[in-house]
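Visitor: I have a model open and a few labels I'd like to see justified. Can you walk me through them?
Guide: Sure, ask away.

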Amino acid sequence: VQLQASGGGLVQPGGSLRLSCGASGSISWFNSMGWYRQAPGKERELVATITTGGSSLYADSVKGRFTISKDNAKKSLYLQMNSLKPEDTAVYYCHGRRGPLEYWGQGTPVTVSS
């Protein structure tokens, strides 16, 4: 299964973006999917995950601002990002896990700046 992320861009502080991650196969095959991000000079960090059953988990830094969702029929994972802050600037990666197997999409850059 291949994952392809899109939707990044330049946005002003307080603005919104919606990231999408399309899969080449069924996403219900994954036990969980998620979004990670890596800012310049920093390690990659978890942003949000969602299980097959729909349970979600968020990093404290994005709680209340970001929402992860998925559409099995469209084979897609989404990340709605609201009230964006400069510290959200990073390359965002979509991720899928099935047991010990991990799948990564290419990153999509998000820049929050005025």
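Visitor: Which residues line the largest cavity?
Guide: The lining is Ile27, Ser28, Phe30, Asn31, Ser32, Met33, Ile50, Thr51, Thr52, Lys70 and Asn72. Strand E4 (32-38) and strand E5 (45-51) are the elements that give two or more residues to that lining. Keep in mind that this is a predicted model.

Visitor: What makes it a cavity and not a pocket?
Guide: A 1.4 Å probe fits there but cannot get out, so it goes down as a cavity; a pocket is an open set. Its volume is about 40 Å³, and the structure holds 1 cavity of 30 Å³ or more.

Visitor: How many nonpolar, polar and charged residues are in that lining?
Guide: There are 4 nonpolar, 6 polar and 1 charged. Lys counts as charged, so Lys70 in the lining belongs to the charged class.

Visitor: What makes the nonpolar surface patch?
Guide: Val1, Trp29 and Leu101 make it, with about 240 Å² between them. Take Leu101, which sits in strand E10 (residues 101-104). Patch members need over 30% relative accessible area, and Leu101 has 42%, so it clears that cut-off.

Visitor: Why is the contact of Asp88 with Arg37 called a salt bridge?
Guide: The N to O distance between the two side chains is 3.0 Å, and the rule asks for a side-chain nitrogen of Lys or Arg within 4 Å of a carboxyl oxygen of Asp or Glu, so the pair qualifies. By this rule the count comes to 5 salt bridges.

Visitor: What does the Asp88 and Arg37 pair tie together?
Guide: Asp88 lies in the loop between strand E8 (76-81) and strand E9 (90-98), while Arg37 is in strand E4, so the bridge ties together parts that are 51 residues apart in sequence. Both Asp88 and Arg37 are buried, which means each has under 20% relative accessible area.

Visitor: Is Asp60, the partner of Lys63, buried or exposed?
Guide: Exposed: the cut-off is over 50%, and Asp60 has a relative accessible area of 65%, so the label holds. Its salt bridge with Lys63 is 3.1 Å, N to O.

Visitor: And why are Glu102 and Arg97 called partly exposed?
Guide: Glu102 has 42% and Arg97 has 30%. Partly exposed runs between the 20% and 50% cut-offs, so both belong there. Their side chains meet in a salt bridge at 3.3 Å, N to O.

Visitor: Which residues do shared salt-bridge partners join into one network?
Guide: Arg37, Glu45, Arg65 and Asp88.

Conventions: Residues are numbered from 1 along each chain as its sequence is written. This is a predicted model: local features need pLDDT of at least 70, side-chain atom pairs count only at pLDDT 80 or more; totals for chains, interfaces and linings use all residues. Side-chain values use heavy atoms; hydrogens and water are left out. On a 1 Å grid over the protein atoms alone, a cavity is a set of points where a 1.4 Å probe fits but cannot get out, and a pocket is an open set with protein on both sides within 12 Å along at least five of seven lines; lining residues have an atom within 4 Å of a point. Grid points are joined across faces, edges and corners, and a volume is the space filled by probe spheres set on the points. Helices (H or I, at least four residues) and strands (E, at least two) are DSSP runs, numbered from the N terminus. Patches are made of residues with over 30% relative accessible area and no salt bridge: like charges are joined within 9 Å, nonpolar side chains (Val, Leu, Ile, Met, Phe, Trp, Tyr) within 5 Å. Accessible areas come from the Shrake-Rupley method with a 1.4 Å probe; for residues, only the protein chains shown count as cover. Buried means under 20% relative accessible area, exposed over 50%, partly exposed in between (1.4 Å probe, protein chains only).
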